[in-house]
Structure formats: C-alpha cells, structure tokens
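Grab a pencil and work through these exercises with the model open beside you. Each task comes with a solution in small steps.

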Amino acid sequence: MKKVITLLIVMTVVLLYGIFSATAQTMTTREAKVVVAVNTENNTIQALILFADLDTKEDQLREQYSNCKFFIGLMEGSYKVVQAMVRPQRGATVSIFYNQPLFGDTDMAFMDYYSPGDLIKIENLEARVISNNKGELILKTQ
C-alpha cells in the first residue's frame, strides 16, 4: 500500500513539474529577437527577420532591402514565422533599438521623426508609435 501511495505522489510531482515547465516555455517563446529593416525613403518597416535565422551577409541584406537601415529589435506578442520572416499579429509590440545599428550605420536622424501616436507600416499592418526616447522606438500593431 505504501508503494502505491509513494508512486502516486511521485507521479503527481512529475506531472506538476511538466505542466509548470511547459507554461514557462510557452511564455518565453512569445518574444523573438529580430533584425528590423527600416526603409529610410518612405519611413516604413520593410521586414522583420528572425535574428537566430539570420544566415545572410550584410551585402545580401543590403541588396535585398535597398534603402534600408538595419537595427536590432525585439518582437513581443503573437506572430507567425514564414521563411525566417516575422509576421506580427494585431496587438504585438515591436521595440527597435536604433542606437544599436546592425552594420555600423551612423545616421539615425530619421528615427527622431517618429512621435507617439504616429502610424508606421509594418508590411501589411499598421503600428502606432507608443514611445520614442533614448534610442528605443516602441510600436504596437493595430
């Protein structure tokens, strides 16, 4: 009888551990480090590329996304990944750290153009500027 009770307790502990581990993992996978390609001619975000899947070189990125500057960013919320491209869903938050250009670009004056309340296109979605200070631009998709 003691063996059965001990076995039940051990199984319960293992089951609870699995449940809490899965929940924590789900929450952390809802954010992704991204490379943000910002088109400087029309002030749009041309692409969000998963940083972990970035296997192209600077020359290839600059060729594929001409007129863009590249920054480190963080995408939080619901999103889909299609061929290493991040497609944010409505209500997602994108933080662009424009004081951290990816390829050493030094001219970031165009980022000062954005003010809270402004709308920016991210591919086919619109995003509202939440904050723009100290080298960090925070957007929320509509």
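**Exercise 1.** Which residues does Ile45 touch, not counting residues up to four places away in sequence?

*Solution.* Before you start, know that this is a predicted model, where local features need pLDDT of at least 70, side-chain atom pairs count only at pLDDT 80 or more, and totals for chains, interfaces and linings use all residues. Residues are numbered from 1 along each chain as its sequence is written, and side-chain values use heavy atoms, with hydrogens and water left out.

Step 1: A contact means heavy atoms within 4.5 Å.
Step 2: With that rule, Ile45 touches Val36, Ala37, Val38, Ile96, Ile120, Lys121, Ile122, Glu123 and Leu139, leaving aside residues up to four places away in sequence.

**Exercise 2.** Find the residues that touch the most other members of the largest nonpolar core, then see which strands feed that core.

*Solution.* Step 1: A nonpolar core is a set of buried Ala, Val, Leu, Ile, Met, Phe, Trp, Tyr and Cys residues joined through side-chain atoms within 4.5 Å. Buried means under 20% relative accessible area, exposed over 50%, and partly exposed in between (1.4 Å probe, protein chains only).
Step 2: The largest core has 24 residues, and Val38, Ile45, Leu48, Ile96, Met111, Leu137 and Leu139 touch the most other members.
Step 3: At least two core residues each come from S1 (31-39), S2 (44-50), S3 (68-76), S6 (93-101), S7 (119-122), S8 (125-133) and S9 (136-141). Strands (E, at least two residues) and helices (H or I, at least four) are DSSP runs, numbered from the N terminus.
Step 4: S1 gives the largest share, 4 residues.
Step 5: There's also a second, separate core of 9 residues, with Val35, Ala47, Ile49 and Tyr65 among them.

In soluble globular proteins, nonpolar side chains tend to be buried together.

**Exercise 3.** Trace the pairing of S7, S8 and S9.

*Solution.* Step 1: Two strands pair if DSSP finds at least two bridges between them.
Step 2: S7 and S8 run antiparallel, joined by 4 bridges. Lys121 stands opposite Glu126 in S8.
Step 3: The hairpin of S7 and S8 has 2 residues between the strands, and Glu123 takes a positive phi near 55° there.
Step 4: Carry on to S8 and S9, which are also antiparallel, with 6 bridges. Val129 has Leu139 in S9 as its bridge partner.

**Exercise 4.** Is Ser131 buried or exposed?

*Solution.* Step 1: Look for Ser131 in strand S8.
Step 2: Its relative accessible area is 19%, so Ser131 is buried.
Step 3: Beyond its neighbours within four places in sequence, Ser131 is in contact with Pro116, Glu136, Leu137 and Ile138.

**Exercise 5.** Look at phi for Asn67 and Lys134, then check how accessible each residue is.

*Solution.* Step 1: Most residues other than glycine have a negative phi.
Step 2: Asn67, in the loop between helix H2 (58-64) and S3, has a positive phi near 65°. Asn67 has 38% relative accessibility, so it counts as partly exposed.
Step 3: Lys134 lies in the loop between S8 and S9 and has a positive phi of about 55°, although it is not a glycine. Because its relative accessibility is 81%, Lys134 counts as exposed.

**Exercise 6.** How many helices and strands are there in the protein chain?

*Solution.* Step 1: Count 2 helices and 9 strands.
Step 2: Along the sequence, the pattern is α-β-β-α-β-β-β-β-β-β-β.
Step 3: For burial, 34% of the 142 residues count as buried.
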